[in-house]
Amino acid sequence: MNHFAAADDISGRADLDVVLRRFYTAAFADPAIGPFFTEIAGTDLEVHLPRITDFWERALFRSAEYRRDAFGPHAALHSVRSLTAADFGRWVQLWHATIDGLHRGPNAERAKAQGERIALALHKRLAGDGAAMDGEDGLGFVPLAAVELRSVA
Ligand code: HEM
């Protein structure tokens, strides 16, 4: 990409392919959340990528089918090792950085906002009443509390 050119918006599956490969490469290598993929779930990126691309293509453009259980794998992870507010904050930070590095526009904004909303929803559903938005674990790299302030829910 030419660094002097204005970045384009996310316009379809081909763009999502690039975004998601970049995001998951960073997530797998990340000291905080990488082990959930590499050590706990043993995720095969080449299996995960087409599924997650369907998920995002459906979320943003309604042009793919995604009928799998998106919550279950996170509940399974959480039962082995807690997925904390800090972990979700890190996920959000990597997601934003990946999108901002490649795209600019309304779809890029929607993708970031939806990522935040889902991260918050997953955290609340997993942690229940114990969802920590402050205190020892509540900050993360990007405070999930800040995401909550931005969310309408
Ligand atoms: C710290 C936060 C997160 C971690 C560590 C994490 C990790 C994982 C792992 C290990 C899997 C299982 C992959 C496999 O099949 O091996 C998974 C599945 C999935 N994740 Fe996450 N995740 C996080 C947050 C999110 C968020 C915020 C979203 C949505 C925006 C998301 C969307 C999904 C979806 C849709 C699947 C299911 C894929 C499928 O099997 O159809 N995850 N995640």
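## A quick tour of an all-helix chain

Helix α2 has the highest mean pLDDT among the elements of the chain, at 98, while helix α7 (residues 144-150) has the lowest, at 69. Keep that in mind as you look around, since this is a predicted model. Where pLDDT is low, the predicted coordinates should not be read in detail. Across the whole chain the mean pLDDT is 88, and 81% of the residues get to 70 or more.

**The overall build**

- You'll find seven helices here and zero strands.
- Walk along the sequence and the pattern reads α-α-α-α-α-α-α.
- The chain has 153 residues, and 24% of them count as buried.
- Take the contacts with a separation of 6 or more: 72% of them join residues that sit 24 or more positions apart.

**Around the ligand**

- A shell of 22 residues surrounds the ligand, and the closest are Phe36, Ala41, Thr43, Arg68 and Ile118.
- Which helices each supply at least two residues of that shell? They are α2 (34-41), α3 (45-61), α4 (72-80), α5 (85-102) and α6 (106-127).
- Sorted by class, the shell has 15 nonpolar residues, four polar ones and three charged ones.

**Where α2 meets α4**

- The axes of α2 and α4 come within 11 Å of each other and cross at roughly 85°.
- An angle from 65 to 115 degrees counts as roughly perpendicular, so α2 is roughly perpendicular to α4.
- On the α2 side, the contact is made by Phe36, Ile40 and Ala41. On the α4 side, Pro73, Leu77 and Val80 do the job.
- What classes do the residues of this contact fall into? Six are nonpolar, with no polar and no charged residues in the contact of α2 with α4.
- Two names here may ring a bell: Phe36 and Ala41 of α2 take part in the contact with α4, and Phe36 and Ala41 are also among the residues closest to the ligand.

**A closer look at Val18**

- Val18 has its place in helix α1, which covers residues 13-29.
- Is Val18 buried, exposed or partly exposed? There are 14 other C-beta atoms within 10 Å of Val18. Buried takes 20 or more and exposed takes 12 or fewer, so Val18 counts as partly exposed.
- Val18 and Thr98 are 80 residues apart along the chain, yet their C-alpha atoms are separated by 9.8 Å.

Key
Residues numbered from 1 in each chain as written. Predicted model: local features only at pLDDT ≥ 70, side-chain atom pairs only at ≥ 80, totals over all residues. Near = placed C-beta within 6 Å. Helix = DSSP H or I, 4+ residues; strand = E, 2+ residues; numbered from the N terminus. Nonpolar A, V, L, I, M, F, W, Y, C, P; charged D, E, K, R; others polar. pLDDT = per-residue confidence, 0-100. Contact = placed C-beta atoms within 7 Å. Axes fitted to C-alpha atoms, helices over the stretch in contact; angles between N-to-C directions. Parallel < 35°, antiparallel > 145°, perpendicular 65-115°, else oblique.
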